[in-house]
Amino acid sequence: MTDTAWTLTAAEGELQILTGVAGPAAKMGHRLTIAMASWRADVQWRGTEPAAAALVVDVDSLQVIKGEGGLTPLTGPEKGVVRSNALKALDVKKYPQITYSTQDITKTATGYRLDGTVEIHGRSRPQAVDLAVEDSGGAWVMTASVPVFQTQFGVKPYSLFVGSLKVADEVNLRFTARHPK
């Protein structure tokens, strides 16, 4: 078997962040769907098994897709304010990228378990990712959903009204990509 490499980008999939709301006034806030529009995942293969994987996300590519809940619908200008607040919280000028790299990949019943290190906001932590892989005929479809706590990376969740309304500390990263066979 020969070694091969795959490169996946936003053209082949989606990388989204789903937020919740917290605090006594949580009903006033929006649960956000945020897309990262610029990312690259590189997968190195050894024969028929993945041997290494790395993901680089450009933080400035953050786009607010929608907001659910809240007292009123999330408008276009409000999406711009949310984006600005998120980039400020992530300190995009100092930390322009989020990275993930594997140290170990293990085959599972539904795909692979990736054990690696994620770096957000200049802080690194171990992170396991369960990647589901499905054969859709002409392509491999890969999906993962990973909870991340912002404060573990020194990111202060955005808040209003002296903390009575804030973005929940736990956000969910959702990844989907397709690679042709």
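How many strands and helices does the protein chain have? In this predicted model, the protein chain comes out with 14 strands and just one helix. Its radius of gyration is 18 Å, close to the 16 Å that the globule rule gives for 181 residues, so the chain is as compact as a globular protein of that length. Along the principal axes, the C-alpha atoms fill a box of roughly 60 × 35 × 30 Å.

Turning to packing and surface, buried residues make up 37% of the 181 residues. Among contacts with a separation of 6 or more, 59% come from residues 24 or more positions apart. The protein chain exposes about 10200 Å², and 56% of that is supplied by carbon and sulfur atoms.

As for charge, there are 19 positive and 18 negative side chains in the protein chain, and the centres of the two sets sit 8 Å apart. Seven salt bridges turn up in the structure. One of them pairs D42 with R40, whose closest N and O atoms are 2.9 Å apart. D42 is partly exposed at 23% relative accessible area, and R40 is partly exposed too, at 43%.

Another salt bridge links E68 to K66, with 3.2 Å between the closest N and O atoms. E68 has a relative accessible area of 34% and K66 one of 38%, and both count as partly exposed. In the salt bridge between D115 and R113, the closest N and O atoms are 3.6 Å apart. Here D115 is partly exposed at 27%, as is R113 at 32%. Shared partners also tie salt bridges together, joining R31, K66 and E68 into one network.

Technical notes:
Residues are numbered from 1 along each chain as its sequence is written. This is a predicted model: local features need pLDDT of at least 70, side-chain atom pairs count only at pLDDT 80 or more; totals for chains, interfaces and linings use all residues. Side-chain values use heavy atoms; hydrogens and water are left out. Helices (H or I, at least four residues) and strands (E, at least two) are DSSP runs, numbered from the N terminus. The radius of gyration is taken over C-alpha atoms; the globule rule is 2.2 Å times the number of residues to the power 0.38. Buried means under 20% relative accessible area, exposed over 50%, partly exposed in between (1.4 Å probe, protein chains only). Contact means heavy atoms within 4.5 Å. Accessible areas come from the Shrake-Rupley method with a 1.4 Å probe; for residues, only the protein chains shown count as cover. Lys and Arg count as positive and Asp and Glu as negative; His and the chain ends are not counted. The place of a charge is taken as NZ of Lys, CZ of Arg, CG of Asp or CD of Glu. A salt bridge is a side-chain nitrogen of Lys or Arg within 4 Å of a carboxyl oxygen of Asp or Glu.
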